[in-house]
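Thanks for making time this morning. I would like to walk through one model with you, going from a helix pair to a sheet and then to two loop residues.

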Amino acid sequence: INAEYMGLLGQSKMEWLKLSKLAIGLGITALAVGAAVLIAKMRGNKFVERIIELRKKIKMGWINNPELEQLQMQSENTLFLPKYHNMQFYVKLVTSENFAKRKKLNSPTGKLKRKTDPNPFAPANYKGIFISELSDTHVLLYNKFHLVPYHVLIVTKEFVNQHTYLTKEDFHASLLVLKALNGLVFVNSGPNAGASQEHKHLQAIPYSAYPNQSIPIETLIEKEEENYPPEKECPRKEKHFFRLPEFQFKHIFCKFHPTITKGMSSDNLPTKAKFLTEVYLECLKMLDNADLAFDYNLVLTKRWMFMVLRKTELAKGTVKINAVGFTGSFAVRSQKEHEFISQEDPLNILTLVTYPLQ
């Protein structure tokens, strides 16, 4: 049984060992999920039950789903770039005939779709991609043109423009997905940041999308953490804003105290969502973007939030960079782009699509 279920429910190792042996003996993966749900119900923990059910829907709905346009990730073309400032960037060459389909769905000018265009996030288009309702305001959908397994979208039920402020409701839904997916949430706000749809949506991918299930950028974050007092010396500091000296462009990080995203429940989730909303607004202010005059990318994990202002979507007019690129992962669509990335300092590539520090 996945250790995450054990951690969610707080069962003793011995109890879970017995259940694991039973599940393995029967050879039925669903038994592990069913057992976890059963225990959650018995314990009366509705929030835990909800997270487990959401995780189950994400994983089970993916299997043999004919509606998902599978982009073939050529793993043999995954290239680990030389380390820059101890950060291990990597690039993957993605090839698929479905890129042609995606190109037709997007505007010929490369601009965001207008509300008068077909909306892929309208309920009429939910077939095969709908996973679950998250709240009164948001639903969870599969990304039909995903680049990694379990790439999901947190979408507003009603049409809201993509380049508008994130709200408490957005972060409330994001926290649920972070808990269920064990990954990160990211936002491409505006066409210069890589947004391809005008309907407001956040995206999420699991840590398993990265080699060794770790985000490359965290190497630099951990290095930065060495520069401020350890938790035992300031145990109640809720947030710490900082910039990475390796990133010579306009950006900001905020690291959270561990209690901020741990111990989530139905009762405290609104408070935690409110906290993240306040951090988000502070990040905008620190980047002189309180009025959303600039497009931006945002990345959110259980430990930190990152924001960067975007000048353009394309590096050298060729390679598309979205929020995930700033975490250390590039996806390219041709051998030419693959060679370009492999021959450049990846930090220089990120500098090309951002605003320099003044």
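Which residues in H6 meet which residues in H8? Before I answer, please keep in mind that what you see is a predicted model. On the H6 side the contact is made by Lys168, Phe171, His172, Leu175 and Leu176, and on the H8 side these meet Leu269, Pro270, Lys272, Ala273, Lys274, Leu276, Thr277 and Tyr280. Sorted by class, this contact of H6 with H8 has 8 nonpolar residues, 2 polar ones and 3 charged ones. As for the geometry, the axes of H6, residues 168–181, and H8, residues 269–286, come within 8 Å and cross at roughly 115°, and the crossing in which H6 passes H8 is right-handed.

Let me stay with H8 for a moment. This helix has 18 residues and reaches 26 Å from its first C-alpha to its last, which is close to the 26 Å expected at 1.5 Å a residue. Its buried residues are Leu269, Lys272, Ala273, Phe275, Leu276, Thr277, Val279, Tyr280, Cys283 and Leu284, and you will notice that a lysine, Lys272, is among them. What do the buried residues of H8 pack against? They pack against H6, as well as helix H4 (46–60), and also against four strands: S9 (239–242), S10 (251–256), S11 (295–300) and S12 (304–310).

That brings us to the sheet. It is an open sheet of 9 strands, with antiparallel pairing, and the strands are ordered S4-S5-S6-S8-S7-S11-S12-S10-S9. Its edge strands are S4 (130–133) and S9, each of which pairs on one side only, and from one strand to the next the twist averages 20°.

Within this sheet I would like to look at S11 with some care, beginning with its two pairings. With S7, residues 183–189, it pairs in the antiparallel sense over 5 bridges, and there Ser189 stands opposite Tyr296 of S11. With S12, S11 also pairs in the antiparallel sense, over 6 bridges; in that pairing Val299 stands opposite Phe306 in S12, while Leu298 has Met307 of S12 as its bridge partner. A hairpin through 3 residues joins S11 to S12.

Why can we call S11 largely enclosed by the rest of the structure? The reason is that 6 of the 6 residues of S11 are buried. The burial concerns both faces of S11, since Asp295, Asn297 and Val299 on one side and Tyr296, Leu298 and Leu300 on the other are all buried.

Finally, two residues whose backbone angles deserve a look when you inspect the model. Just after H8 comes Asp288, with a positive phi of about 55°, a positive value in a residue other than glycine. Asp288 lies in the loop between H8 and S11, and, because its relative accessibility is 61%, above the 50% cut-off, it counts as exposed.

The other residue is Lys316, whose phi is near 55°, again a positive value in a residue other than glycine. Lys316 is found in the loop between strand S13 (314–315) and strand S14 (319–320). Is Lys316 buried or exposed? At 55% relative accessibility, Lys316 counts as exposed.

How values were computed. Residues are numbered from 1 along each chain as its sequence is written. This is a predicted model: local features need pLDDT of at least 70, side-chain atom pairs count only at pLDDT 80 or more; totals for chains, interfaces and linings use all residues. Side-chain values use heavy atoms; hydrogens and water are left out. Axes are lines fitted to C-alpha atoms, for helices over the stretch in contact, and angles run from 0 to 180 degrees between N-to-C directions. A crossing is left-handed if the near helix is turned anticlockwise from the far one by less than a right angle, and right-handed if clockwise. Contact means heavy atoms within 4.5 Å. Ala, Val, Leu, Ile, Met, Phe, Trp, Tyr, Cys and Pro count as nonpolar, Asp, Glu, Lys and Arg as charged, and the others, Gly among them, as polar. The expected span of a helix is 1.5 Å times one less than its number of residues. Buried means under 20% relative accessible area, exposed over 50%, partly exposed in between (1.4 Å probe, protein chains only). Two strands pair if DSSP finds at least two bridges between them.
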